[in-house]
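The report below works through a single model, beginning with its charged side chains and moving on to its helices and its interior. Please keep the sequence and the coordinates in view while reading.

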Amino acid sequence: SVRALNLIIGAFTLILIYLLAREVSGDETVGIIAKALTGFMPMFVALHGAISNDPLLIMLMTASIFLTAKAIRDESGLRYLLAAGWVTGLAILTKTTGILLVPGLIAAGFFVKSRSNARFLPAAIAIFVASPWLVRNTMLYGDPLALKA
């Protein structure tokens, strides 16, 4: 059922939280603690036991933040940042709240070793991935984020 899919998405989210905490702190114990604290939160369990698009949004946002953190710490970080752009675009498609990740992509572009003209590419990729939905919203509601609806 769809609830089982949300449970699988929740498991992937916990793995990504572990990887993110380990990447940022450099300590495996911090990753385990972060994963455990998140996994035992009552709201996390409730959201992933219900039928909703929120678990997918949480997973995609966590993946984008993990890839962005990996991009900043890695020598060839641009490829991680481009992947974060794709994942951010998918997050925007899931729920417009995902657009909150775009400023972080732009800021991370200044920390990643790359040519200066590639700094805004991850944000452009995110908008490109989400553009069919944003265009649809503009045509239907007169607003790309459909805030009026």
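## Salt bridges

Arg-73 counts as exposed, with a relative accessibility of 53%, where exposed means over 50% relative accessible area, buried under 20% and partly exposed in between, for a 1.4 Å probe and protein chains only. This is a predicted model, in which local features need pLDDT of at least 70 and side-chain atom pairs count only at pLDDT 80 or more, whereas totals for chains, interfaces and linings use all residues. Residues are numbered from 1 along each chain as its sequence is written, and side-chain values use heavy atoms, with hydrogens and water left out.

The structure holds 3 salt bridges, each being a side-chain nitrogen of Lys or Arg within 4 Å of a carboxyl oxygen of Asp or Glu. One of them joins Glu-23 to Arg-73, with the closest N and O atoms 3.2 Å apart; this pair links distant parts of the chain, since Glu-23 is in helix 1 and Arg-73 in helix 4, 50 residues apart. Helices are DSSP runs of H or I with at least four residues, numbered from the N terminus. Glu-23 also meets Lys-70 in a salt bridge of 3.6 Å, N to O, and here too distant parts of the chain are linked, Lys-70 lying in helix 4 (residues 54-73) and Glu-23 in helix 1 (residues 2-25), 47 residues apart. Glu-23, Lys-70 and Arg-73 are thus linked in a network of salt bridges.

Within that network, Glu-23 is buried at a relative accessible area of 15%, while Lys-70 is partly exposed at 23%. Leaving aside neighbours within four places in sequence, Glu-23 is in contact (heavy atoms within 4.5 Å) with Phe-66, Ala-69, Lys-70 and Arg-73.

A further salt bridge brings together the side chains of Lys-95 and Asp-54, at 2.4 Å, N to O. Lys-95 lies in the loop between helix 5 (78-94) and helix 6 (102-109) and Asp-54 in helix 4, so the pair ties together parts 41 residues apart in sequence. Lys-95 is partly exposed, with a relative accessible area of 29%.

## Asn-6 in helix 1

Asn-6 has its place in helix 1 and, at 4% relative accessibility, counts as buried. Leaving aside neighbours within four places in sequence, its contacts are Leu-47, His-48, Ala-50, Ile-51, Ser-52 and Pro-55. The side chain of Asn-6 reaches the backbone oxygen of Ala-50 at 2.6 Å, a polar contact in the sense of a pair of N or O atoms within 3.5 Å, of which, within protein, one must be able to donate a hydrogen and the other to accept it, residues adjacent in sequence counting only if both atoms are side-chain atoms.

## Helix 2

Helix 2 (residues 28-39) has 12 residues, which at 1.5 Å a residue should span 16 Å, and its end C-alpha atoms are 16 Å apart, which agrees; the expected span is 1.5 Å times one less than the number of residues. Asp-27 caps the N-terminal end of helix 2, with a side-chain oxygen 3.2 Å from the backbone nitrogen of Thr-29.

Which residues of helix 2 are buried? They are Gly-31, Thr-38 and Gly-39. Seen down the axis of helix 2, these buried residues fall within an arc of 95°, so they line one face of the helix, the arc being that of the directions from the helix axis to the C-beta atoms. What covers them includes helix 1 and helix 3 (42-49).

## Nonpolar cores

A nonpolar core is a set of buried Ala, Val, Leu, Ile, Met, Phe, Trp, Tyr and Cys residues joined through side-chain atoms within 4.5 Å. The largest has 22 residues, and those with the most contacts inside it are Leu-67, Leu-81 and Ala-91. Helix 1, helix 4, helix 5 and helix 6 each supply at least two residues of this core, and its largest share, 9 residues, comes from helix 4.

Leaving aside neighbours within four places in sequence, Ala-91 is in contact with Leu-57, Leu-60, Met-61, Gly-98 and Leu-101. Apart from the largest core lies another, of 5 residues, among them Ile-92, Val-102, Ala-123 and Leu-134.

## A positive phi angle

Ala-146 lies in the segment after helix 7 (121-141), and its phi is near 55°, a positive value in a residue other than glycine. Ala-146 is buried, with a relative accessible area of 19%.
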